[in-house]
Amino acid sequence: MRRTTLLVLAFAGFACLLPVGRVEAHRPLTIHVRTDAQFAAAVQRLRFSGGTIKLAAAWFRGLEIGPRSWEQLRIVGTRRTHVEQLILRGTRRVSIGPLTISPISQDARIQSLQSSRIDIHDVKFSAAGTHYAATLQLPISNRITVRRSEFTHCGDRSWHMVNCILLWQVNNLTVEDSSFHDCRGCDFINGRFGHNLALYRNRFARTLPCHMGAYRCGHQDLVQLFGGVGLDVRDNVFGIYMKGAAQLYVTNRMRRISIVNNLFLGTDPRVPGYEARVAMVIGSAETKHVPRGVRIVNNTVLTGARRVDGYLGSIRMTNQYGAVPVRARPVLANNVIAVLEDPNQVCSEVRASVSNLILQGEGCSKSDTIGAEIFGRAGRPTRYSAFLLGRANPALAPLRDITGAPRSPEPDIGAFQYRGAR
């Protein structure tokens with residue numbers, strides 16, 4: 001008994017002799033800043049150790065993070081923290097958010113240049129009420145995540161072309177659970193990526209009429225992509241656009257494109273009397289190069305109104321597909337398609353058309369169905385949706401629907417799987 005007591009006392013005495021400073025050195029440091037200069041000093045201090053920089057609810061004009069160690073650096077503020085420019089230059093392992101990116105006396109932006117493992121979350125981008133822009137620019141970067149963020153009024157009064165997110169050879173980019181809405185004279189997402197772009201569970205709503213010239217105001221697609229390998233567009237909601245090619249426009253040298261479980265809406269209660277024209281445009285007559293390996297599966301496409309050139313169809317594909325092997329052409333399966341009045345712009349271009357429901361127009365194969373259908377709120381099926389329930393091709397249907405719920409062994413056509421009680 002005496003020996004045990006002595007051992008306990010000896011251990012306690014040893015613990016008291018441990019160097020306290022050395023233990024605390026392993027705890028990530030948090031530095032509070034109120035000015036640009038304080039931020040620069042904090043970045044330098046945490047260059048090798050990592051830690052957290054907390055931004056006050058103040059205005060910051062120009063912040064920059066350069067090369068640094070592998071330890072995680074967190075930039076944390078609130079929505080009342082306004083930053084005009086935050087430049088990531090050759091850096092890595094940086095988390096940013098929450099905060100607001102908005103102009104003071106010039107265009108506002110987060111720019112990730114040759115940087116990697118950047119996490120941008122809970123950030124609002126807005127240039128509302130100014131003549132400037134507020135954008136996210138991603139040139140030559142890798143492993144970027146944008147989540148739970150908001151992009152609105154990215155450049156309503158800017159005299160330059162504005163894209164809320166501008167891509168330039170970025171690799172492994174994921175944009176998820178974010179909101180894009182109310183922008184005049186802009187695309188929400190535009191550009192070329194290298195490998196692997198994922199758009200998951202986002203909502204794109206309203207690129208609105210503008211008066212800044214025919215070229216700019218005539219190019220307002222929600223998402224427009226010109227190049228890249230490995231595009232996954234899944235579980236998103238696409239709203240209306242004004243005077244652009246489509247809600248989703250992919251063209252040129254693109255490979256491995258998956259467009260699955262998305263909802264395309266042709267009207268918006270905030271813009272009464274207007275109908276969006278085309279949901280998807282795949283390829284362009286302006287180039288001989290076409291996107292290859294395109295899968296358009298289990299989408300609910302309620303967009304479809306006559307374009308100014310006379311075309312009436314929810315989807316349009318370039319006739320350049322006639323020059324490529326059949327195996328490289330798109331697959332169109334298990335979709336609700338509002339309008340297909342000109343099948344030559346779709347049926348002649350696809351590799352296969354399987355179990356689609358066309359509400360108005362013509363089908364592309366014997367397995368396609370033409371007929372009016374009963375829908376619930378936002379394109380959901382009801383118990384009376386006879387052309388949807390259990391009519392999808394199970395071999396091509398995804399395992400889950402747009403809500404994340406599992407599909408049954410007899411899946412439904414469209415983005416939603418019927419759950420009953422509607």
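These are my notebook entries on strands, pockets, cores and backbone oddities in a predicted model.

**Strand β18**

I started with β18, residues 223-234. I looked up how covered this strand is, and nine of its 12 residues are buried.

Next I listed its partners. β16, residues 186-200, pairs with β18 in the parallel sense over nine bridges. β21, residues 254-260, also runs parallel to β18, and six bridges join the two. β20, residues 248-250, is joined to β18 by three bridges, again parallel.

I then noted some individual bridge partners. V233 of β18 is the partner of L199. V233 also has I259 in β21 as a bridge partner. V223 stands opposite L248 in β20.

**Largest pocket**

I moved on to the pockets. The largest pocket holds about 770 Å³ of space. Its lining counts 29 residues, and G244, A245, Y249, V281 and R307 lie nearest the centre. I checked which elements give two or more residues to this lining, and found β18 and β26 (315-317). So β18 turns up again here. By class, I logged nine nonpolar, 12 polar and eight charged residues in the lining.

**Second largest pocket**

The second largest pocket has a volume of about 210 Å³. I found 15 residues lining it. R203, F204, A205, R206 and D268 are the ones nearest its centre. The elements giving two or more residues to this lining are β15 (179-184), β17 (203-208) and β19 (237-238). β17 supplies the largest share, four residues. The class split I noted is eight nonpolar, four polar and three charged residues.

**Nonpolar cores**

Which residues touch the most other members of the largest nonpolar core? I read off F39, I53, L55, I96, L167 and L225, out of 95 residues in that core. Strand β14, residues 162-176, gives the largest share of this core, seven residues.

I picked L167 for a contact list. Not counting residues up to four places away in sequence, L167 touches L138, L173, I189, N190, G191, R192, F193, L197 and L225. L225 is thus on two of my lists, as a contact of L167 and among the residues touching the most other core members.

I also found a second, separate core of six residues, with L263, L265, I402 and F416 among them.

**N163**

I looked up N163, which is found in strand β14. Is N163 buried or exposed? N163 has a relative accessible area of 14%, so I entered this residue as buried, the cut-off being under 20%. Leaving aside neighbours within four places in sequence, I listed T135, D187, F188 and N190 as contacts of N163. N190 is also in the contact list of L167.

**Backbone oddities**

I checked the peptide bonds. G97 and P98 are joined by a cis peptide bond, with omega about 0°. P98 lies in the loop between β6 (92-96) and β7 (99-101).

I then looked at positive phi values. R148 is not a glycine, yet its phi is positive, about 50°. I placed R148 in the loop between β12 (142-147) and β13 (150-152). R148 has 42% relative accessibility, so I logged this residue as partly exposed.

R201 is another non-glycine residue with a positive phi, near 55°. I found R201 in the loop between β16 and β17. β16 is the strand that pairs with β18 over nine bridges, and β17 gives four residues to the lining of the second largest pocket. The relative accessible area of R201 is 38%, so R201 goes down as partly exposed.

Definitions and conventions. Residues are numbered from 1 along each chain as its sequence is written. This is a predicted model: local features need pLDDT of at least 70, side-chain atom pairs count only at pLDDT 80 or more; totals for chains, interfaces and linings use all residues. Side-chain values use heavy atoms; hydrogens and water are left out. Buried means under 20% relative accessible area, exposed over 50%, partly exposed in between (1.4 Å probe, protein chains only). Two strands pair if DSSP finds at least two bridges between them. On a 1 Å grid over the protein atoms alone, a cavity is a set of points where a 1.4 Å probe fits but cannot get out, and a pocket is an open set with protein on both sides within 12 Å along at least five of seven lines; lining residues have an atom within 4 Å of a point. Grid points are joined across faces, edges and corners, and a volume is the space filled by probe spheres set on the points. Ala, Val, Leu, Ile, Met, Phe, Trp, Tyr, Cys and Pro count as nonpolar, Asp, Glu, Lys and Arg as charged, and the others, Gly among them, as polar. A nonpolar core is a set of buried Ala, Val, Leu, Ile, Met, Phe, Trp, Tyr and Cys residues joined through side-chain atoms within 4.5 Å. Contact means heavy atoms within 4.5 Å.
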